[in-house]
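This briefing concerns the architecture of a sheet and the helices that pack on it. Please consult the sequence and the structure shown here alongside the text.

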Amino acid sequence: MSNVMEMHVTPETDGNDGIKQIDLTESVNYDIATPWNDVEISFVLRLNQILKESIVGKLKDKQQWSEQLLALNNELEMLTFTLSHDLKNPLSILKMGIQFLQNSKQSLNPAALQKWYSNLIASTESIESIINNVVLLSQRKTGTFTKDPIPMAYTLDQIYKESIILHNPALATVDYGKLLPVWGEKSALYQIFSNIIGNAIKYSPGTAGVKLHIDSYFEDEQVCYKIKDQGIGIPKENLHSIFEIFKRGKNVDHIEGTGVGLSLVKRIMERLGGTIKIDSEEEKGTTVYLYFPIVEEFPPSMLLDDL
């Protein structure tokens, strides 16, 4: 609908000096559109559907790219923390061993000398294993580990001895229970237990010494490892955030650390399909439970492997 204003000018006929008459009129026009036929209506509806699908598709693509970017960032973060955190222990042991041999090699008997050489070789193997693991993970799209049945007795004892060398407590004892094999990846398991056992030794009070109990058992188609210490414990108010990156208990300000280890352990456990649980009480100690899913039955010989 539209309004139209019209003006008409006519000369006067009564001789009034040629004055003209002006008439203004307004009229209303009603526009009449041609009705759409079925083909045109169908075309518009289909076009509307195509536009909706295109918008939804773009939004999904954007969300997928965002999720992939987040996953890549998490992957890069984990690789960075692995290299910066978990390589420190074997590198420190390697450095200490070399320095010790430089200063004391001549006074060591053959058995002690061979023991130090064995420690140095084990440290270099740990470094190589962690680096190879990082390279493999960076090449995979899934970010998961290839799992094999791994005997744990020798590995755990080696990690314990390395941690003793690294932290040098005045007194340390460890009580081993049953040490079952687990389904996992060798370097990933080294990282997990190196962090847990290292923490148990590092956060044990110097006067009382280190007292560890390491045991394992079957539970709900999983192998559960239990690592118990009598260290300083974790304050109750800090337990809920203990797996967050850079978070530490309020009672460890005087002890060197970054707050990366447990966060890294949790991520590795998740990639192995496992879980971690911690019970702790300040000034009484901490118990860590590690649950590893059983992929299939272990070779019978592995179940006999013990210290």
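The points below describe the sheet, then the helices on the sheet, and then the contact between those helices.

The model is predicted. In this model, five strands form an open sheet with mixed pairing. Helices α4 and α5 pack at an angle of about 45 degrees.

**Sheet**

- The strand order is β4-β6-β7-β9-β8.
- The edge strands, β4 (172-176) and β8 (275-281), each pair on one side only.
- From one strand to the next, the twist averages 15 degrees.
- Strands β4 and β6 (residues 210-219) run parallel and are joined by five bridges.
- Y176 has I214 in β6 as its bridge partner.

**Helices on the sheet**

- Helix α4 (residues 153-167) packs on the sheet and touches β4, β6 and β7 (222-229). The direction of α4 makes about 170 degrees with that of β4.
- Helix α5 (residues 186-202) also packs on the sheet, where it touches β6, β7, β8 and β9 (285-293). The direction of α5 makes about 170 degrees with that of β9.

**Contact between α4 and α5**

- The axes of α4 and α5 lie 9 Å apart, at an angle of about 45 degrees; the two helices are therefore oblique to each other.
- The crossing of these two helices is right-handed.
- On the α4 side, the contact involves L156, I159, Y160, E162, S163, I164 and H167. Their counterparts in α5 are Y190, F193, S194, I197, G198, I201 and K202.
- By class, this contact of α4 with α5 comprises eight nonpolar, four polar and two charged residues.

Notes. Residues are numbered from 1 along each chain as its sequence is written. This is a predicted model: local features need pLDDT of at least 70, side-chain atom pairs count only at pLDDT 80 or more; totals for chains, interfaces and linings use all residues. Side-chain values use heavy atoms; hydrogens and water are left out. Two strands pair if DSSP finds at least two bridges between them. Helices (H or I, at least four residues) and strands (E, at least two) are DSSP runs, numbered from the N terminus. Axes are lines fitted to C-alpha atoms, for helices over the stretch in contact, and angles run from 0 to 180 degrees between N-to-C directions. Contact means heavy atoms within 4.5 Å. Angles under 35 degrees count as roughly parallel, over 145 as roughly antiparallel, 65 to 115 as roughly perpendicular and the rest as oblique. A crossing is left-handed if the near helix is turned anticlockwise from the far one by less than a right angle, and right-handed if clockwise. Ala, Val, Leu, Ile, Met, Phe, Trp, Tyr, Cys and Pro count as nonpolar, Asp, Glu, Lys and Arg as charged, and the others, Gly among them, as polar.
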